[in-house]
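This report describes the strand pairing, the core and the charged contacts of one protein model. The sequence and structure are shown first.

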Amino acid sequence: PRPGPILESWRRADLCLGRRLAVSLGAEEFSGVGRDITPTGALVVEDDRGALHELVAGRVRVALPDRPE
């Protein structure tokens, strides 16, 4: 099914999509790239091993690139 206008707008405005992310889910932490927003509102993150995670809760931050000293 085709996404509705709200989901399309959300995807266009979301700052996580296409960016490197650091994710913390309690004791579990991983890095990956924001790939999509599901129709139910979950953030889809592809981790460094290629596994997809649908996140509905947790801490997500955009990972900044390392700065030269």
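Strands S1 and S2 run antiparallel and are joined by six bridges. Strands here are DSSP runs of E with at least two residues, numbered from the N terminus, and two strands pair if DSSP finds at least two bridges between them. The model is predicted, so that local features need pLDDT of at least 70 and side-chain atom pairs count only at pLDDT 80 or more, while totals for chains, interfaces and linings use all residues. Residues are numbered from 1 along each chain as its sequence is written, and side-chain values use heavy atoms, with hydrogens and water left out.

Within the S1–S2 pair, Ser24 has Glu29 of S2 as its bridge partner. The two strands form a hairpin with two residues between them, and Gly26 in the turn has a positive phi of about 70°. On S5, strand S1 has a further antiparallel partner, paired over four bridges. Leu21 is bridged to Val62 of S5, and Val23 stands opposite Val60 of that strand.

A second hairpin is formed by S3 and S4, with four residues between them; Gly50 in its turn has a positive phi of about 95°. Four bridges join these two antiparallel strands, and Val44 has Glu54 of S4 as its bridge partner.

Taken together, five strands form an open sheet in the order S4-S3-S2-S1-S5, with antiparallel pairing. Strand S4 (52-55) and S5 stand at the edges with a single partner strand each, so one side of each is left without a neighbour in the sheet. From one strand to the next, the twist averages 40°, where axes are lines fitted to C-alpha atoms and angles run from 0 to 180 degrees between N-to-C directions. In the edge strand S4, His53 and Leu55 form a covered face, whereas Leu52 and Glu54 form an uncovered one.

The largest nonpolar core has nine residues: Leu7, Cys16, Leu21, Val23, Phe30, Ile37, Leu43, Val45 and Leu55. Such a core is a set of buried Ala, Val, Leu, Ile, Met, Phe, Trp, Tyr and Cys residues joined through side-chain atoms within 4.5 Å. Buried means under 20% relative accessible area, exposed over 50%, and partly exposed in between, with a 1.4 Å probe and protein chains only. Strand S1 (20-25), S2 and S3 each supply at least two residues of this core.

Phe30 is in contact (heavy atoms within 4.5 Å) with Leu21, Ala22, Val23, Leu25, Val45, Asp47, His53 and Leu55, leaving aside its neighbours within four places in sequence. Val60, in strand S5 (residues 59-62), is partly exposed, with a relative accessible area of 31%. With residues up to four places away in sequence not counted, Val60 touches Cys16, Leu21, Ala22, Val23, Leu43 and Leu55. The C-alpha atoms of Val60 and Ile37 are separated by 14 Å, the two residues being 23 residues apart along the chain.

Thr38 is found in the loop between strand S2 (28-37) and strand S3 (43-47). At 10% relative accessibility, Thr38 counts as buried. Its side chain makes a polar contact with that of Thr40 at 3.0 Å; a polar contact is a pair of N or O atoms within 3.5 Å, of which, within protein, one must be able to donate a hydrogen and the other to accept it, and residues adjacent in sequence count only if both atoms are side-chain atoms. Thr38 also touches Leu7, Val44 and Glu54, not counting residues up to four places away in sequence.

Side chains of opposite charge can pair when their charged atoms come close. A search of the whole structure finds four salt bridges, each defined as a side-chain nitrogen of Lys or Arg within 4 Å of a carboxyl oxygen of Asp or Glu. The table includes three of the four.

| Salt bridge | N to O distance |
|---|---|
| Arg20 and Asp48 | 2.9 Å |
| Glu46 and Arg35 | 2.7 Å |
| Arg49 and Asp47 | 3.4 Å |

Arg20 lies in strand S1 and Asp48 in the loop between S3 and S4, so the pair ties together parts that are 28 residues apart in sequence. Arg20 is partly exposed at 37%, whereas Asp48 counts as exposed at 55%. Glu46 in strand S3 and Arg35 in strand S2 form a salt bridge that links parts of the chain 11 residues apart. Both are partly exposed, Glu46 at 24% and Arg35 at 45%. In the remaining tabulated pair, Arg49 counts as exposed at 74% relative accessibility, whereas Asp47 is buried at 7%.
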